[in-house]
Amino acid sequence: MKEELIVSGRMNPGIDPYLHIWHWQIPLYLFLGGLAAGILFFTALYYILGKEKELPTAVKWANFIAPAALVIGLFALFLDLKHKLFFWQLYTTIRLSSPMSWGAWTLMLITPLAFIWSASYLRELVPKWDWKLKILYDFEALVIKYRKPLAWAIIFLSIILGIYTGILLSAFNARPLWNTSLLGPLFLTSGLSTGAAVIMWMSKDHAERALFSKIDLILITAELFFIIHLFMGFLASTQVQINAAELFLGGEFTVTFWVFVIILGLVFPGILEILELRGYKVPVAVPAILILFGGLMFRFIMVEAGQITRYLY
Amino acid sequence: MRYAMAIDTKKCVGCGDCVVACQTENNVPIGYCRDWVVENVAGTYPQLEVEIRSERCNHCENSPCVRCCPTGASHIVEGGVVLVEHNKCIGCGACIESCPYDARYSHPDGYVDKCTFCLHRVQKGQDPACVSVCPTNCMYFGDLDNPNSDVSKMLATRKYKVLAPEAGTNPQIYYLT
Amino acid sequence: MKTRRDFIKISAVGTGAVTLGLSTVKLAKASEPGSIFGKKAKNQVAYERFPTYCEVCFWKCAGWTYKDEDGKILKIVGNEEDPHCNGRLCPRGTGGIGMYYDEDRLKKPLIRVGEPGNQSFREASWDEALDLVAKNLNKIKKEHGPECVALFSHGTGGKMLSHLIKAFGSPNITAPSFAQCRGPREVAFAATFGEEVLSPERTDIRDTKCLVLIGSHIGENMHNGQIQEMSEAIDNGATIITVDPRFSTAASHSKFWLPIKPATDIALLMAWIHVIINEELYDKEYIDKYAYGLDQLKTHVKNMTPEWAFGITTIEPDTIRETAREMAAASPAVIVHPGRHVTWYGDDTQRSRAIAILNALLGSWGRRGGFFNPEAVHLPKYPSPAYPKPQKSWKDAFPGQYNLVHEVLTTGICDATIPNPDLGCHLKSWIVYGTNLLASLPDQKKTLEAIENLEFMVVIDTMPMDITGYADVILPECTYLERYDGIRSSPHREPNIALRMPAAEPKYDSRPNYWIAKELGKRLGLEEYFKWNTFEEKLDWQLKKVGSSLEEMKILGVKKMPREYNDLYSLNGEDYEFNTNTGKIELYSTELANEGFDPLPKYTPHPEPPQGFYRLNYGRAPMHTFSRTANNANLTALKKENSVWVNPRVAKLWDLKNGQYVWLKNQDGVVSSFPIKVRVTERIRWDSVYMVHGFGHKEKRLSRAYGKGASDSELVTHVMTDPIMGGTGMRGNFVTFILNDPKKEVAS
Ligand SMILES: Nc1nc2c(c(=O)[nH]1)N[C@H]1C(S)=C(S)[C@@H](COP(=O)(O)OP(=O)(O)OC[C@H]3O[C@@H](n4cnc5c(=O)[nH]c(N)nc54)[C@H](O)[C@@H]3O)O[C@H]1N2
Ligand SMILES: Nc1nc2c(c(=O)[nH]1)N[C@H]1C(S)=C(S)[C@@H](COP(=O)(O)OP(=O)(O)OC[C@H]3O[C@@H](n4cnc5c(=O)[nH]c(N)nc54)[C@H](O)[C@@H]3O)O[C@H]1N2
Ligand code: SF4
Ligand code: SF4
Ligand code: SF4
Ligand code: SF4
Ligand code: SF4
Ligand SMILES: [Mo]
């Protein structure tokens, strides 16, 4: 028999028997960040590609979700901080080795841009809207004039944001479950997929919906592919990573992961989308909600399970 | 200069004095600790082995906690000592997540805290509190760059290991086996 | 006033009054004798340090109490000059500040108010409480004689109360450190070498080449000097041989671990003696010169072969031979450790004798690396009149028994308190100082029966403990960090003295023992015995007699003095007369023979656990001292409860999981008051379970200790009394597991 115990007690809250430092705030933040990155990416991409007319939801309307998601996400992050009054310290330095740092900076930059982007379409959405101040009308005009460079900035920052939400976890080698380079692309794909799902859900235009269904299908396939590779990688790796994989292959996360993330969050909406593309009538909200739900669950599970896996004890 | 610690598992009895001394020296609130003691039992009665280890921050040469800190609160000072500057720390927990040894904790005042190698004592030429209290004298502290330091001498003559070398952090607490 | 004495939870006291009391105390403090704060220096440095010696266990390491500018006690650190600790306190000593800061401390004198069915304590002033104590003691003195008062005392402060009680006229002063602890070894070593082992032990572990531990679990038993020296011995490459049925920490650091079957050590020891004699490995010159009785011993052990012992102990004959040779090779730098808590199976004096004989054969007594000859500074007593001569004593209850015993048996006092027509019983009142009798004495039923028969009981303690609940009056003492105490003068390689002085004013309305003793003395008409005005005056007088002063000791904390005799290792061929009947080391004990006991140790079998039961083994955890640290916040942070160690085979049989809580029931049907956590571990045999002594407190006011873990003391109901010295063998109890709450079972 092998026995290992901490005999002096290690009562530091949140450390034993397994790490529980990050609670719901971080996965929610990651989800919303990924979602916003996805939407903003498509917005900017199709604007640059000149598809404002064909894909109005992608370019104009879905975007109203993004700033809200970013603000709520940032607020969740703020809630997670334990030394809140020192929050501003984040913006006294740029630390390239810290994903947290460039995440914070990226958000700092992309959030106002997302607001501005949406604001520039506000009067299209709400025709009666009145900016009240002349200066605001001038500013609107300025933005509309420079939408193109703005789109470039947004596409650039949204990619960083998307990758960031992915590699935040994989930067933590200390947690065997997160210690894989696949997590970055996986989260990025998942973020894009949730973004696409929102656009698809909001769109009233059949062609636009079909396009984003297809995009989503590609992303779902990629995600499944990454997940399979993730587990294959773990199982071929060190004991701690095998243990990590086992949490999902018979361990305590098996049901939640396979049922909620894989089946309900990926496979099922994928099938529904195929059916819809084949012309079956499927209420579009169903696959979209499932994808969003799956994406959220995925982040919750990865954050929880990752904290359980460790090198010692 | 490279500070390090060597701990003799052949002598440690797991009394926890290092933990209590750290607590009173560094004003660690009760219910929290910067160091702790692990007991490992292997075998079947009566073919048994027990290894006892006093553990703390490894002041890793390649320290993920410093890398991932968004504010620079976690930083490295003289002798490779990894410290947290409390007034720079936002309590984001990234460093806690990044430490393979779970050596950090969130102080009730909000910031993250951990072993400092008792730099305030070391700078005065004293040993860290845990080293100086240990009743079995099983801890050795000093500068690895100085071949005459206690720690260098132990590492030169004894077999040793470090914890979770596969985590790639290059830890600086050595366990004499 | 013979009321039935029930246990009262002190929590019954109105809390409002406590806070009120507090503010008044502060004002009254200035005139407190011994208070160092009357003349506090104005320009304080950042830290102040005050010499003290530790009172968390009886090793009494000297150290420094550090305070910051605000007068907050920060830490306690060992005194480098102190041979007890060499500048390093053990975890309990380092955590001693937890005793001072404990908010559950006794805060005011308490007096029992006993209307039938509604008993509780009320707070009282010191004057009222002390008057009441004096009135009752005087009444007992008048009606039954002063000898009818007994003092139980453990710890430094008890000395002042001993002085008071001797002046009062009673010889009945006792501590659990004899009949529940060291007694057998002291009697056995005195019978063999004419001298006791003493405390700190005179073992020269530092210089030994071979250390043999018979059960002594040094490393868990955290007596500081020993663990430090054992560690030094490991560094020096000494061989450690540990005999323990449990894989103790010491066993894990040993070259040889002999996993002996419990209760069979005498067989192993005799087989070792057999091998050493048979293979002529003993120190011939030494034995020829100093010892008496080799021939009788030779004949006696003739058939006690390793093969014979194997059948009893389960230790392989080859291992027995190999370890015997290892000891002989190291001789005389070898120590077969006498142990300290040695009241195990009732034949403990005989087991300790076997250990003493083995040491004698190896020539280790009085030799470097064996047993040194300690010397202490002799502090003269502060002048006071001679004590009155007692007319009777506890021993009257035991005619013809315990003639070799020179201390008082705690359990003997209990017996002498319970009325018995055949015994000369007479004790009517107890004063209990610094000992939690319900946790320290076996057979709680008997202790409680004795308590019930008392007319009056005073408890002087720092904490509301299980014992305080039975008192008529409770007097709150301040902790060791808040008081002066007698000078520590203990036997060691170098004679030395240490000072304890207060680092802070007593918290709440607590007072130091010397103040209590003197105040009681006044009220008992014994002022003559307390002629000093302040305790500093008394200490200074004593210190000046040995060439120091209070002033000097406040700076040094510890002072080493030169030895008077150059005889640290005295038996290297020098002539020597031992303090025994024959003047020699008695391998064959004429003293025991005279008293009608076996002059040479014999193995006798002891009962084994019945089906479904396991032998109850207990010991120490390095971070706790008995029950006294169970509520210490700094130490409970490390270990808040004990667990019951269960072998995986047993766990499987009972389907026990690691971390599960169970109740324990012993052979007499006694069930532990609280559940205890299971630790499944290979470190314990399948015929035993193991737990750390000192947990399972019933006093609710102990906010951290109440109900945490289980009490071994409760389960030690079967006592195997040592016929030679009255020690209470406590390891003959067996327990089984109860998986569901027995209280609920009864209810349903
Ligand atoms: N931390 C700490 N240290 C202490 C104390 C404390 O309270 N806390 N108390 C101090 C005091 S007053 C004392 S007296 C000492 C006591 O300390 P020791 O003298 O070391 O006490 P023992 O009872 O010899 O030690 C218990 C060991 O005996 C083993 N044992 C049980 N049955 C048998 C048996 O049949 N044969 C053999 N060979 N071994 C057996 C147990 O498995 C356990 O390992 O500790 C002192 N040191
Ligand atoms: N079942 C079982 N029984 C045992 C043992 C065992 O291992 N198992 N061990 C035995 C041994 S070896 C010994 S030495 C004895 C020890 O027995 P005790 O000395 O009785 O040990 P404790 O239970 O710690 O009781 C100490 C009491 O002193 C109080 N106290 C602490 N400091 C002070 C102070 O400064 N002033 C005053 N007035 N009181 C103070 C504490 O609050 C506590 O109530 O127990 C023996 N009994
Ligand atoms: S103080 Fe020393 S012996 Fe005790 S647990 Fe710490 S390292 Fe081990
Ligand atoms: S042990 Fe942990 S906290 Fe210490 S330097 Fe290494 S990674 Fe950082
Ligand atoms: S919790 Fe503090 S020290 Fe740790 S990474 Fe965040 S800011 Fe840096
Ligand atoms: S070096 Fe100092 S801070 Fe670090 S564990 Fe030891 S006592 Fe604590
Ligand atoms: S051994 Fe520990 S508890 Fe005992 S006196 Fe020394 S420091 Fe205090
Ligand atoms: Mo004892």
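How far from a nitrogen atom of ligand 1 does a backbone N or O atom of His624(C) lie? The distance is 2.6 Å, and the legends below place that contact in its setting. Please keep in mind that this is a predicted model.

**Figure 1. Ligand 1 and the residues of chain C that come nearest to it.** Welcome to the first close-up. There are 30 residues around ligand 1, and those that come nearest are His217(C), Asp244(C), Asp265(C), Tyr345(C) and His624(C). His624(C) reaches a nitrogen atom of ligand 1 through a backbone N or O atom, at 2.6 Å. Val243(C) also uses a backbone N or O atom, which lies 3.1 Å from a nitrogen atom of the ligand. With Arg92(C) the side chain takes part: one of its N or O atoms is 3.3 Å from a nitrogen atom of ligand 1.

**Figure 2. Ligand 2 and its surroundings, with His154(C) among the closest residues.** Here 29 residues surround the ligand. Alongside His154(C), the closest are Thr435(C), Ser440(C), Asp461(C) and Ser627(C). Three individual contacts are worth finding on screen. In the side chain of Asp712(C), an N or O atom is 3.0 Å from a nitrogen atom of ligand 2. Gly434(C) offers a backbone N or O atom, 3.1 Å from an oxygen atom of the ligand. Tyr433(C) has a polar side-chain atom 3.5 Å from a nitrogen atom of ligand 2.

**Figure 3. Ligand 3, where the nearest residues belong to chain B.** This view moves to another chain. Of the 14 residues around ligand 3, the nearest are Cys12(B), Cys15(B), Gly16(B), Cys18(B) and Cys134(B). Sorted by class, the shell around the ligand has nine nonpolar residues, four polar and one charged.

**Figure 4. The interface of chain B and chain A.** On the side of chain B, 49 residues are in contact with 41 residues of chain A. The two chains bury about 3,900 Å² between them, and 55% of this is on carbon and sulfur atoms. Within chain B, the residues that lose the most area to chain A are Ile90(B), Glu97(B) and Asp102(B), together 20% of what that side buries. Asp102(B) is also one to look at for its charge: it forms a salt bridge with Arg310(A), with the closest N and O atoms 2.8 Å apart. The count of salt bridges between these chains is three, and 27 residue pairs are in polar contact across the interface (both at pLDDT 80 or more). Strand 2, strand 3, helix 2 (64–68), helix 3 (94–98) and strand 6 (105–106) of chain B each give two or more residues to the side that touches chain A. Strand 2 gives the most, with nine residues. By class, this side of chain B holds 25 nonpolar, 14 polar and 10 charged residues.

**Figure 5. The interface of chain B and chain C.** Now turn to the other partner of chain B. In this interface, 37 residues of chain B are in contact with 39 residues of chain C. About 2,800 Å² is buried between them, with carbon and sulfur atoms giving 59% of the area. Four salt bridges are counted between the two chains. A salt bridge to look for joins the side chains of Glu39(B) and Arg683(C), at 2.7 Å from N to O. There are also 13 residue pairs in polar contact (both at pLDDT 80 or more). Helix 1 (17–26), strand 2 (36–44), strand 3 (47–55) and helix 5 (129–133) of chain B each supply at least two residues of the side that touches chain C. The largest share, seven residues, comes from helix 1. That side of chain B divides into 18 nonpolar, 11 polar and eight charged residues.

**Figure 6. A salt bridge between chain C and chain A.** The side chains of Arg679(C) and Glu3(A) meet here, with 2.7 Å from N to O. The pair crosses from strand 23 (residues 676–680) of chain C to strand 1 (residues 2–6) of chain A. Over all chains, a search of the whole structure finds 69 salt bridges.

**Figure 7. Confidence along chain C.** The mean pLDDT of chain C is 92, and 93% of its residues reach 70 or more. Residues 11–45 of chain C call for care: pLDDT stays under 50 there, and the model has 37 contacts beyond four places in sequence for this stretch. Where pLDDT is low, predicted coordinates should not be read in detail. For the model, the scores are ipTM 0.93 and pTM 0.93.

Methods
Residues numbered from 1 in each chain as written. Chains lettered and ligands numbered in written order. Heavy atoms only, no water. pLDDT = per-residue confidence, 0-100. Contact = heavy atoms within 4.5 Å. Buried area = accessible area lost by both parts, 1.4 Å probe. Polar contact = N/O pair within 3.5 Å; in protein donor to acceptor, adjacent residues only side chain to side chain. Helix = DSSP H or I, 4+ residues; strand = E, 2+ residues; numbered from the N terminus. Nonpolar A, V, L, I, M, F, W, Y, C, P; charged D, E, K, R; others polar. Near = heavy atom within 4 Å.
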